[in-house]
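Subject: Structure handover and notes

Dear colleague,

I am passing the structure on to you here, with the sequence alongside. My notes on what was found follow directly below it.

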Amino acid sequence: MGATIKAIEYIFPEQKISNDDLLKQFPDYDFAKFEEKVGIRNRYWVQENETAFDLAKKACDKLFRNNNKEDIDYVLYCTQSPEYFLPTTACLLQDQLGLRKNIGAFDFNLGCSGFTYGVSFAKALINSGQAKNVLLVTAETYSKYLHPKDRSNRAIFGDAAAATLISYTEEENVVNFLFGTDGSGYDKLIVKNGCSRFPLENNPLEIQYGTENTYTNNHLYMNGPEVFNFTNEVIPDFAKEILVKNNLQIDDVDQYVFHQANKFMLNFMRKRLKIKPENFYIDLEDGGNTVSCTIPIALKKYSQRISKSQNVIIVGFGVGLSWSGGLIKINNKL
């Protein structure tokens with residue numbers, strides 16, 4: 001028994017924030033240069049009373065227009081924007097989608113590596129005979145964690161949800177995956193306050209960082225240079241390890257779909273790996289960095305242009321520090 005990615009659907013919030021919109025708030029910043037370098041023109045943010053769970057439900061409803069929800073026997077929900085501290089949001093999703101009660105459902109808290117982890121989880125459930133059809137949902141609303149004066153992160157991050165159906169098949173189209181973890185870098189991308197160690201502060205101190213950026217410990221902080229260094233030191237060699245694990249050479253892969261962090265970073269890694277531009281997917285212009293949703297969104301878009309079976313390497317990396325990736329085969333529009 002094997003596993004295959006059968007279908008993907010995704011949703012952005014209705015509220016679009018363009019670079020022109022941000023320019024009104026930060027008039028001294030060159031957003032034209034930002035767009036050229038980082039590759040982001042628009043990002044979408046939820047309204048104040050809208051959550052990642054709301055987006056997740058819409059993405060799943062879209063998926064079930066062409067797929068039978070009665071077939072689902074496991075729900076994997078990846079988010080760092082949970083509906084509650086407890087209970088598990090996956091349980092709420094089972095109920096509100098009207099899924100069967102004799103299914104499994106759990107949350108896992110991962111960011112940019114979340115989709116690739118989830119695909120591997122689904123493969124394991126299917127290969128072990130515990131499930132036949134797994135609903136993998138990724139949903140994030142980082143916009144809720146961004147400080148109003150944090151120009152860098154407000155320009156980079158967008159909100160989204162993606163619903164992916166992974167099903168059993170006679171062929172193994174989700175092949176070999178590898179993983180990596182370096183928890184010593186936990187504070188490179190972090191929301192420090194609001195959980196068990198540090199409660200939210202009523203009047204948190206504003207902290208300056210980078211070039212004219214502001215955050216508090218109630219908000220998201222990202223050490224951009226350190227994250228960039230980690231990515232470029234670790235991920236190219238990790239991608240080579242995935243190739244070796246799957247007995248492939250660089251040119252045996254039709255498309256590389258990495259986490260869509262920013263265009264400059266992606267091109268830096270592509271050149272280190274000596275991959276042709278046409279075989280390396282980059283598309284952040286409309287949506288930006290949607291954390292665990294970037295890879296399924298990219299796969300959905302890329303699959304619309306294929307006409308034959310494709311070897312695709314997917315690699316997620318970021319907050320944690322965490323990274324994972326592997327080989328998938330797709331042969332139809334998702």
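A place to begin is leucine 321, which lies in the loop between β15 and β16 (322–330). Please keep in mind throughout that this is a predicted model. The peptide bond that leads from glycine 320 into leucine 321 is cis, with omega near -10 degrees. Another cis peptide bond joins leucine 86 and proline 87, where omega is about 15 degrees, and proline 87 belongs to the loop between β4 (74–78) and α4 (89–97).

Leucine 321 also turns up among the contacts of phenylalanine 230, which, leaving aside residues up to four places away in sequence, touches Ile235, Phe317, Gly318, Leu321, Ser322 and Trp323. Phenylalanine 230 itself is placed in helix α7 (residues 224–245) and counts as buried, at 8% relative accessibility. Between phenylalanine 230 and glycine 318 there are 8.7 Å from C-alpha to C-alpha, although the two are 88 residues apart in sequence.

Phenylalanine 317, one of those contacts, is also half of an aromatic pair: its ring centre lies 6.5 Å from that of phenylalanine 258 and the planes stand at 75 degrees, so the pair is edge-to-face. This pair links distant parts of the chain, since phenylalanine 258 is in strand β13 (residues 255–258) and phenylalanine 317 is in strand β15 (residues 310–318), 59 residues apart. Both partners are buried, phenylalanine 258 with a relative accessible area of 0% and phenylalanine 317 with one of 2%.

The two strands that carry this pair are also joined directly, for β13 and β15 run parallel and are connected by 4 bridges; one of the pairings sets valine 257 against isoleucine 314 in β15. Along β13, Gln255 and Val257 point one way while Tyr256 and Phe258 point the other way, and all of them are buried.

Helix α8 (residues 263–273) belongs to this same part of the account, because its buried residues, which are Met265, Leu266, Met269, Arg270 and Leu273, cover an arc of only 135 degrees around the axis and are thus put on the same side of α8. What do the buried residues of α8 pack against? They pack against α7, β13 and β15.

Both ends of α8 have a feature that you may want to look at. At its start, a side-chain oxygen of asparagine 262 comes to within 3.1 Å of the backbone nitrogen of phenylalanine 264. The ring of phenylalanine 264, in turn, has the charged end of lysine 37 sitting over it, 4.9 Å from the ring centre. Just after α8 comes lysine 274, with a positive phi of about 60 degrees; this residue is found in the loop between α8 and β14 and counts as exposed, at 72% relative accessibility. Asparagine 247 likewise has a positive phi, of about 55 degrees, although it is not a glycine. Asparagine 247 is located in the loop between α7 and β13 and is exposed, with a relative accessible area of 71%.

Turning to the aromatic residues in general, the structure holds 22 aromatic pairs. One of them is formed by tyrosine 209 and tyrosine 221, an edge-to-face pair at 5.4 Å centre to centre with 75 degrees between the planes. Tyrosine 209 lies in strand β10 (residues 207–209) and tyrosine 221 in strand β12 (residues 220–222), so the pair ties together parts that are 12 residues apart in sequence. Tyrosine 209 is buried at 15% relative accessibility, and tyrosine 221 is buried at 16%. Elsewhere, Tyr74, Phe106, Phe108, Tyr117, Phe121 and Phe179 make up one aromatic cluster, and the charged end of lysine 192 sits over the ring of phenylalanine 198, 4.8 Å from its centre.

Finally, there is an open sheet of 3 strands in the order β2-β3-β14, with mixed pairing. Its edges are β2 (15–18) and β14 (286–287), each of which has a single partner strand, so one side of each is left without a neighbour in the sheet. Strand β3 (residues 42–45) runs antiparallel to β2 and is joined to it by 4 bridges, and among these strands' residues lysine 16 has tyrosine 44, in β3, as its bridge partner.

With best regards

Conventions
Residues numbered from 1 in each chain as written. Predicted model: local features only at pLDDT ≥ 70, side-chain atom pairs only at ≥ 80, totals over all residues. Heavy atoms only, no water. Phe/Tyr/Trp six-rings, centres within 6.5 Å; stacked < 30°, edge-to-face > 60°. Buried < 20%, exposed > 50% of the residue type's maximum accessible area, 1.4 Å probe, protein only. Lys NZ or Arg CZ within 6 Å of the ring centre and 35° of its normal. Pairing = 2+ DSSP bridges. Contact = heavy atoms within 4.5 Å. Arc of directions from axis to C-beta. Polar contact = N/O pair within 3.5 Å; in protein donor to acceptor, adjacent residues only side chain to side chain.
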